[in-house]
Amino acid sequence: LLAALGDDGAEQDPARTFLSAHLTQGDRFATYAAATSVTFDSDRDTDDAGWRASHACVAANAAGVLGSALWPALMASQGADGSWAAYWWKTDAMSTALAAAALSQAAPEAAQRAVAWGRDRLTDETLTAFDLAWLVRLLRLGDGDDRAAADTAAKRLAAMQLADGSWPAGAQMLFPAPDTLARDPGAAVYLAEYRVFTTAAALAALSPLCQADTE
């Protein structure tokens, strides 16, 4: 939203101030800031260290606005396979695409490791529309062959569109225990069943292709 509003938007400064309040020691980014009240359906004190910790899927999203403040943390949290592990999501396509985009200029070698990770996953025929959309965006950060593969994958994504204009629900959010510091594979999965999040991801991935066709 801030990018769409432009640098002159009156919303920019207070929004950046809000996001900056989530920066922690070590240039990390808390999901919930220390000043934010988080309540649970419990009469006892709840350890919410996991929810207040820094996680790549949140930090990578904020990096699009906060930029260099989060680059060190993102570079340090990249996995050996080139991906960034999500905490709040079942899969890593979104967190990896966002982190790679944030680092594409500052750490191009890290971004290209992420592109290679995404390239290997394009052959998975079981990819949801949500993950495929983020892989399309990730592959566009690569070389000519990668961008061509992204265009091919984008056509595959377009073919998944439903008759009502949406894309099949594929955004799978996790509900980890508040004290869990890393992603819990056994955490409950909540599918964004109204398809809004998946459809928005698909449109964001397809818009560059649509613009090229009109030109």
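This briefing covers the nonpolar core, aromatic pairs, salt bridges and a surface patch of the structure above. The model is predicted. The structure holds 10 aromatic pairs and 4 salt bridges. Its largest nonpolar core has 54 residues.

**Nonpolar core**

- Within the 54-residue core, the residues that touch the most other members are Phe-29, Leu-74, Trp-84, Trp-134, Leu-138 and Leu-157.
- Two or more core residues come from each of α4 (56–66), α6, α7 (108–121), α8 (129–139), α9 (144–158) and α10 (196–214).
- Helix α8 provides the largest share of this core, with 9 residues.
- Outside its neighbours within four places in sequence, Trp-134 contacts Ala-93, Met-94, Ala-97, Leu-98 and Ala-201.

**Aromatic pairs**

- One cluster, linked through ring pairs, contains Tyr-32, Phe-40, Trp-51, Tyr-87, Trp-88, Phe-175 and Tyr-190.
- Among the 10 aromatic pairs, Tyr-32 and Trp-51 are stacked, because their ring centres are 6.0 Å apart and their planes stand at 20°.
- Tyr-32 is in the loop between β2 (28–29) and α3 (49–52), while Trp-51 is in helix α3, so this pair ties together parts 19 residues apart in sequence.
- Tyr-32 is partly exposed because its relative accessibility is 30%, whereas Trp-51 is buried at a relative accessible area of 8%.
- Trp-51 also pairs edge-to-face with Trp-88, at 5.4 Å centre to centre and 65° between the planes.
- Trp-88 lies in the loop between α5 (71–77) and α6 (93–103), and Trp-51 in helix α3, so the two rings tie together parts 37 residues apart in sequence.
- Both Trp-51 and Trp-88 are buried.

**Salt bridges**

- Side chains of opposite charge can pair when their charged atoms come close.
- Asp-48 and Arg-52 form a salt bridge through their side chains, with an N to O distance of 2.9 Å.
- In this bridge Asp-48 is buried, at a relative accessible area of 15%, and Arg-52 is partly exposed, at 24%.
- Arg-183 and Asp-92 form another salt bridge, their closest N and O atoms being 2.7 Å apart.
- Arg-183 sits in the loop between β3 and β4 (188–191) and Asp-92 in the loop between α5 and α6, so the bridge ties together parts 91 residues apart in sequence.
- Arg-183 is partly exposed, with a relative accessible area of 29%, and Asp-92 is buried, at 14% relative accessibility.
- Asp-146 and Arg-119 also form a salt bridge, with 2.8 Å between the closest N and O atoms.
- This pair links distant parts of the chain, with Asp-146 in helix α9 and Arg-119 in helix α7, 27 residues apart.
- Asp-146 is buried, with a relative accessible area of 4%, and Arg-119 is partly exposed, at 38%.

**Surface patch**

- Met-173, Phe-175 and Tyr-190 make up a nonpolar surface patch, with about 320 Å² of accessible area together.
- Met-173 belongs to strand β3 (residues 172–175) and counts as partly exposed because its relative accessibility is 37%.
- Phe-175 and Tyr-190 from this patch are also among the members of the aromatic cluster.

**Surroundings of His-22**

- His-22 is located in the loop between α2 (12–20) and β1 (23–24).
- Its relative accessibility is 7%, so His-22 counts as buried.
- Not counting residues up to four places away in sequence, His-22 touches Arg-28, Phe-29, Ala-30, Thr-31, Tyr-32, Ala-33 and Thr-36.
- Of these contacts, Tyr-32 is part of the aromatic cluster, and Phe-29 belongs to the largest nonpolar core.

Key. Residues numbered from 1 in each chain as written. Predicted model: local features only at pLDDT ≥ 70, side-chain atom pairs only at ≥ 80, totals over all residues. Heavy atoms only, no water. Patch = residues over 30% accessible without salt bridge, like charges linked within 9 Å, V, L, I, M, F, W, Y side chains within 5 Å. Areas by Shrake-Rupley, 256 points an atom, 1.4 Å probe, with all protein chains shown as cover. Helix = DSSP H or I, 4+ residues; strand = E, 2+ residues; numbered from the N terminus. Buried < 20%, exposed > 50% of the residue type's maximum accessible area, 1.4 Å probe, protein only. Phe/Tyr/Trp six-rings, centres within 6.5 Å; stacked < 30°, edge-to-face > 60°. Contact = heavy atoms within 4.5 Å. Core = buried A, V, L, I, M, F, W, Y, C linked by side-chain atoms within 4.5 Å.
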